[in-house]
Amino acid sequence: MKIERIAVIGGGAWGTALAQVAATGGREVRLWAREAEVVDTINDAHTNPLFLPGIALSPSIRATGDLGELDWADALLVVAPAQHVRTLLGSLPQGGRPLILCSKGIEAGSMKLLTEVAAEAQPQAPIAVLSGPTFAHEVAQGLPTAITLAAADPALAEALVARLAQPTFRPYASSDLIGAEIGGAVKNVLAIACGVVEGRGLGQNARAALISRGFAEMSRFGVARGARPETLAGLSGLGDLVLTCSSQSSRNFSLGFGLGRGESAAALMADRKTVAEGAFTAPVLREAAHTAGVEMPIVDAVCDLLDGSEKIDSVVEQMLSRPLRTEGA
Ligand SMILES: NC(=O)C1=CN([C@@H]2O[C@H](COP(=O)(O)OP(=O)(O)OC[C@H]3O[C@@H](n4cnc5c(N)ncnc54)[C@H](O)[C@@H]3O)[C@@H](O)[C@H]2O)C=CC1
Ligand SMILES: O=C(CO)COP(=O)(O)O
């Protein structure tokens, strides 16, 4: 199997950065963006100041507002916010072109993972997942990055790795799609919690404890939904959790930081141009965990802060007064 022509659905920071990777060496890449101004600035000035400021883009990236123009591609990178993936995939013609899911989230309402959403919206398309510790602005600058590329068909994984790999962009093939996508979805919620810890000034010990106990929650939920533990401990799980729990560059972490400072979620979410996926994933993850019989106290606490049902100090007190238990449990 050979994949040459890559198209990207989504002209936000991550879609643009991935287009930049795929365009290395002057290879043509098509990118669908929702905003006409993004289409125009990519085509005319080779920049995306709205979502990825300060990066000079390859002139071989051609943007379009017409999904029909993506028919040209051998494979499509799907990089829209998770809650819009179903609608966008439903707007494409049906076909057997591989879809590589790069978004991180769980669909609200249905509680479905994006692999399930894609299988319903495009039943004939082979599905892959690309996920890992990858801040878009670093990838777009060519800084060294490693990422998980999961596909059920090893030939598809191999073809995609061959097409996307660069000396500074190293995809590691996997066959565990569920593991790869659960890590990315859950870490966004945990990054909000880490931001809260930082914003409230609870210290570095608390943040390390939260990353470790958060990873235990991710693992319990992931395994219950069919993920492999080694995938969750890899780039797309623990790797991405550590990245987003350590940096204000994370939109989810910075949302939590604001909450920790006492700002309301509504005020922090109003007028956001960029997406903090964890805010949308948190309530559906809580519901999905409940359905699976999995305890996720950190996720519950993030939900309570986001919906305003609890104040930060009482959430912290509740977390600290939970029954003492053995670490592996
Ligand atoms: N930015 C990053 O460093 C990374 C982001 N991701 C994931 O990629 C996905 C996209 O995130 P970003 O590119 O960062 O977005 P962004 O925050 O840079 O931009 C927002 C995006 O949402 C789109 N959008 C808003 N309303 C929409 C609608 N109604 N229908 C379709 N699209 C709509 C905008 O067109 C824009 O592309 C998310 O799931 C995110 O978790 C994954 C890895 C890294
Ligand atoms: O997923 C990301 C890095 O891997 C980006 O994180 P944020 O969406 O929190 O900015």
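**View 1. Domain 1 meets domain 2 through 27 residues on its own side and 26 on the other.** Welcome to a predicted model, shown here where its two domains touch. The domain assignment places domain 1 at residues 6-175 and domain 2 at residues 178-320. Between their C-alpha centres there are 24 Å.

**View 2. Four elements of domain 1, namely α4, β6, β7 and β8, each bring at least two residues to the side that touches domain 2.** Look for β7 (145-151) and β8 (169-174) among them. The top contributor is β7, which gives four residues. In character, this side of domain 1 comprises 18 nonpolar residues, eight polar ones and one charged.

**View 3. Helices α13 (residues 277-292) and α14 (residues 297-306) cross at roughly 130 degrees, their axes coming within 9 Å.** The two helices are therefore oblique to each other, and the crossing is left-handed. From α13, the residues Ala279, Ala282, Pro283, Leu285, Arg286 and Ala289 take part, meeting Val299, Asp300, Val302, Cys303 and Leu306 of α14. Sorted by type, the residues of this contact are nine nonpolar, two charged and no polar.

**View 4. Pro123 sits in the loop that links α4 (114-121) with β6 (127-131).** Is Pro123 buried or exposed? Its C-beta has 9 neighbours inside 10 Å, so Pro123 counts as exposed. For a sense of scale, try the pair Pro123 and Ser247: 124 residues separate them along the chain, and their C-alpha atoms are 38 Å apart.

Terms used: Residues numbered from 1 in each chain as written. Chains lettered and ligands numbered in written order. Predicted model: local features only at pLDDT ≥ 70, side-chain atom pairs only at ≥ 80, totals over all residues. Buried ≥ 20, exposed ≤ 12 C-beta atoms within 10 Å, placed from the backbone. Axes fitted to C-alpha atoms, helices over the stretch in contact; angles between N-to-C directions. Parallel < 35°, antiparallel > 145°, perpendicular 65-115°, else oblique. Left-handed = near helix turned anticlockwise from the far one by under 90°. Contact = placed C-beta atoms within 7 Å. Nonpolar A, V, L, I, M, F, W, Y, C, P; charged D, E, K, R; others polar. Domains from an automatic or database assignment.
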